[in-house]
Amino acid sequence: MQTRWVPGRAGLLLLMLLPLLGADRSGPARNAILFVGDGMGVAVVTAARIHAHGPAGRLAMELPHVALVRTFSRDRMVPDSASTATAMLTGQKVHSGTLGMSPETRRSCSVEKRPDGSPNPHHPCSDGAEPIPSLAEMARSAGMAVGVVSTTRITHATPAALYAHSDDRDREEEIAAQLVERSDLSFVVGGGRRFFLPRFPGRNGGFTGSRSDGRNLLLELEERGYTVATEGDSLQRAVEEGAPRVVGLLADDHLPFELERRQAGEKALPSLAELTELAIRHLKRDPGGGGYLLLVEGGRIDHALHSNAARVGLEETLALDAAVDRARKLVSEKDTLLLVTADHGQPIVIAGYALVEDPILGLARRVEGVERVDEDGDGKPDWAQGLDGKGMTVLQFGNGPGYGDAAAAQPWKAEREDPIELGDGVLDPRYRQESAIPLRYTTHEGTDVFAAATGPGSEAVQGFLDNTELFGILRRALGL
Ligand SMILES: [Zn+2]
């Protein structure tokens, strides 16, 4: 079975030419920071704003130059994160599930058989299946420092699109090896440590490894001059002591959700804002002096909303917003382009007729015609009811596991539960908002997302854009 990508002639030539192409930068921006909220559709941003600051409040990510952005992939109207991150970081519309490969590349084309043993219809890869250069590789060739911070496994789709080339995003062992062998990043922080350690028990200092090839990539990183941190304190120390290249792998799998992180008290890992600050402090100091490119991903907005857990998703969104706020305080808008966007949305809607002072996570209010109904005379309209006499929350999902009675053995066969009976229970982080169609995991959504920017080159973020155009905007701003 062939699982490794072998570069063709055109790909090799392109990679060899890159240093020459990017030798002289003349863009208006010295640095760029790209913030990606995974699954952070417009409704998610509106809901997070209301949750934290009320309907008239402002988020830090509400930057002055704004565009709507199409997100479809080469083969899917509703895309996945590998294809969308590749679009933003290479400028190419590629097949869903592929990372940093040419548009001709079909997912898993290098694998002969599917996991169930049946023949893979996309095998072998077509002639045009080639790796394509990412913005990060262009930046490195031009002498810039490149960093990445994510709350997911660092081998997960969005961060991996910065440095990896694979016809399947799920080959995370291989993606981890690419990070070590050829990414040349100078600051890397996220989860996913298990893909850097061998599967054998007792050899990994108490950590859970899952590599099948027995390699210890943490040792290999150290051999290549990286300072490797596996906890927040040692990461902070590495940055303070001016370690030239830093990798922080702070969890075996994804980093904890923001709500879980805060519950850990003194032992809590740094927040996404704190990690972003460490990244900026490190990258600013790069001895090459060529400016920097940083990708910051709020990667678990998506994970929470895949479970219809709206409150958890909103807290993740606000953690990313805090990271944007921190960056705005640390960099100069004279020399640094800040661009905030999402890779795709999640099927969440803000519906019903809540009062402006109501919690966004609460119940919708009752309205008949234009009048709000207050039968019990408490001065506030009563809760809205569906035709089945049961209430509804303001936030609802198109599909997902929130269908029916969540406590039932087969929720999709049970009657839907009445959120009015749950009372304040609907505000609990464990509450799943209701969905119209029962699915184990919510699907993504294909509505346009927003992009917002400030700093040099940001005026190009306007009108209706394709996600591939964000690559051009970043590339031109940096003069790559
Ligand atoms: Zn997702």
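## Exercise 1: A strand in the middle

**Task.** How many of the residues of strand 8 are buried, and is the strand mostly covered or mostly open?

**Solution.** Strand 8 is mostly covered, as 7 of its 7 residues are buried. Keep in mind that this is a predicted model.

Step 1: look at one side of the strand, where T336, L338, V340 and A342 are buried. Step 2: turn to the other side, where L337, L339 and T341 are buried too. Both faces of strand 8 are therefore covered, given that a residue counts as buried with 20 or more other C-beta atoms within 10 Å of its own.

Step 3: find the partner strands. Strand 8 pairs with strand 1 in the parallel sense over 7 bridges, and L34 stands opposite L339 there. With strand 14 (residues 449-454), strand 8 runs antiparallel, joined by 4 bridges. V340 has A452 of strand 14 as its bridge partner.

## Exercise 2: The sheet around it

**Task.** In what order do the 10 strands of the open sheet stand, and why is one side of strand 5 and of strand 15 left without a neighbour?

**Solution.** Step 1: read off the order, which is 5-6-4-3-7-1-8-14-2-15, with mixed pairing.

Step 2: go to the edges. Strand 5 (227-229) and strand 15 (463-466) stand there with a single partner strand each, so one side of each has no neighbour in the sheet. On average, neighbouring strands of this sheet are turned by 15 degrees against each other, direction ignored.

Step 3: check one pair inside the order. Strand 1 (residues 31-37) and strand 7 (residues 292-298) pair in the parallel sense over 6 bridges, and F35 stands opposite V296 in strand 7.

Step 4: add the helices that lie across the strands. Helix 12 (residues 310-330) lies across strand 1, strand 7 and strand 8, and runs at about 170 degrees to strand 1. Helix 8 (residues 232-240) lies across strand 4 (187-191), strand 5 and strand 6 (246-249), at about 155 degrees to strand 5.

## Exercise 3: Two helices that pack

**Task.** At what angle do helix 2 and helix 12 pack, and which residues meet?

**Solution.** Step 1: take the geometry. Helix 2 (residues 42-53) and helix 12 pack at an angle of about 85 degrees, with their axes 9 Å apart.

Step 2: name the arrangement. Angles of 65 to 115 degrees count as roughly perpendicular, so helix 2 and helix 12 are roughly perpendicular to each other.

Step 3: list the contact. From helix 2 come V44, V45, A47, A48, H51 and A52, and they meet G313, L314, T317, L318 and D321 of helix 12. By class, this contact has 7 nonpolar, 3 polar and 1 charged residues.

## Exercise 4: Two domains and a second sheet

**Task.** Which element gives the most residues to the side of domain 1 that touches domain 2?

**Solution.** Step 1: set the bounds. The domain assignment gives domain 1 (29-346 + 444-478) and domain 2 (347-443). Their C-alpha centres lie 33 Å apart.

Step 2: count the contacts, in which 21 residues of domain 1 touch 19 residues of domain 2. On the side of domain 1, the elements giving two or more residues are helix 2, helix 11 (300-306) and helix 12. Helix 2 gives the most, with 6 residues. That side of domain 1 divides into 11 nonpolar, 8 polar and 2 charged residues.

Step 3: look at the sheet of 3 strands, an open one with the order 9-12-13 and mixed pairing. Strand 9 (348-350) and strand 13 (435-438) are the edge strands, each pairing on one side only. Strand 12 (residues 395-400) pairs with strand 13 in the parallel sense over 3 bridges, and G400 stands opposite P438. Helix 2 packs on this sheet, touching strand 9 and strand 12, and its direction makes about 50 degrees with that of strand 9.

## Exercise 5: Buried or exposed?

**Task.** Is L219 buried or exposed, and which residues of helix 6 are buried?

**Solution.** Step 1: place L219, which sits in helix 7 (residues 217-223). Because L219 has 12 C-beta neighbours inside 10 Å, it counts as exposed.

Step 2: turn to helix 6 (residues 172-182), where E172, I175, A176, A177, Q178 and L179 are buried. Their cover includes strand 3 (145-153), helix 5 (157-163), strand 4 and helix 7.

Technical notes. Residues numbered from 1 in each chain as written. Predicted model: local features only at pLDDT ≥ 70, side-chain atom pairs only at ≥ 80, totals over all residues. Pairing = 2+ DSSP bridges. Axes fitted to C-alpha atoms, helices over the stretch in contact; angles between N-to-C directions. Contact = placed C-beta atoms within 7 Å. Parallel < 35°, antiparallel > 145°, perpendicular 65-115°, else oblique. Nonpolar A, V, L, I, M, F, W, Y, C, P; charged D, E, K, R; others polar. Domains from an automatic or database assignment.
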